[in-house]
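User: Please take a close look at one part of this model, the surface. Then work outwards from there to the chain as a whole.

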Amino acid sequence: MFGIHLWKQNSSLILRSTRNFLQPFAAGNNSILDSFGGITTWRSKMKSNRSAAKRFRIRGNGKLVRNQQGAQHNTGYRSRNRNNRVRQSTGIKNKKLERKMKRLILG
């Protein structure tokens, strides 16, 4: 009959469909599924570092943006210009560190 058969082989999960209805999902390099002659297997997916993903954003030109420190508390004694300047986001100056952070975010 039609359907999917699951079994384990060499510590990896194997999916096989009798009618190959999983084939459209298996196309392309960015998909989770790989297809080998009617047998479809799951690829492991890289995970992004969630703490880095919450702290940094990627601009349209590919550079990283971060928020500056010092805007959370104890701002009453500072001048308004100083507080406004701290609330603005800024880039990462070190190219090596920026590459490392981008690798953490993109997974």
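Analyst: A patch joins residues with over 30% relative accessible area and no salt bridge, like charges within 9 Å and nonpolar side chains (Val, Leu, Ile, Met, Phe, Trp, Tyr) within 5 Å. A salt bridge puts a Lys or Arg side-chain nitrogen within 4 Å of an Asp or Glu carboxyl oxygen. Lys and Arg count as positive, Asp and Glu as negative, with His and chain ends left out. Charges sit at NZ of Lys, CZ of Arg, CG of Asp or CD of Glu. Areas are Shrake-Rupley values with a 1.4 Å probe; for residues, only the protein chains shown count as cover.

This is a predicted model, with pLDDT of at least 70 required for local features and 80 or more for side-chain atom pairs, while totals for chains, interfaces and linings use all residues. Numbering runs from 1 along each chain as its sequence is written, and side-chain values use heavy atoms, without hydrogens or water.

Now the patch. R57, R59, K63, R66, K93 and K95 form a positive surface patch. R59 sits in the loop between β5 (56-58) and β6. Its relative accessible area is 39%, so R59 is partly exposed (buried is under 20%, exposed over 50%, partly exposed in between; 1.4 Å probe, protein chains only).

R66 leads on to R55. Beyond its neighbours within four places in sequence, R55 touches V65, R66 and N67 (contact: heavy atoms within 4.5 Å). R55 belongs to helix α2, residues 50-55. R55 is exposed, at 55% relative accessible area. Its C-alpha is 9.6 Å from that of I105, 50 residues away along the chain.

M46 precedes that helix, in the loop between β4 (39-42) and α2. M46 is exposed, with a relative accessible area of 66%. L106 is 60 residues from M46 along the chain, yet their C-alpha atoms are 8.5 Å apart.

Next, the loop between β6 and α3. Q72 lies there. Q72 is exposed, at 75% relative accessible area. Q72 and V86 are separated by 14 residues in sequence and by 9.9 Å between C-alpha atoms. N74 shares the loop between β6 (64-67) and α3 (80-87). Phi of N74 is positive, near 60°, and N74 is not a glycine. Most residues other than glycine have a negative phi.

Finally, the chain. It holds 4 helices and 7 strands (DSSP runs numbered from the N terminus: H or I of at least four residues, E of at least two). Their order is β-β-α-β-β-α-β-β-α-β-α. Of its 107 residues, 23% are buried. The protein chain exposes about 8900 Å² of accessible surface, 50% of it from carbon and sulfur atoms. Among contacts with a separation of 6 or more, 35% link residues 24 or more positions apart.
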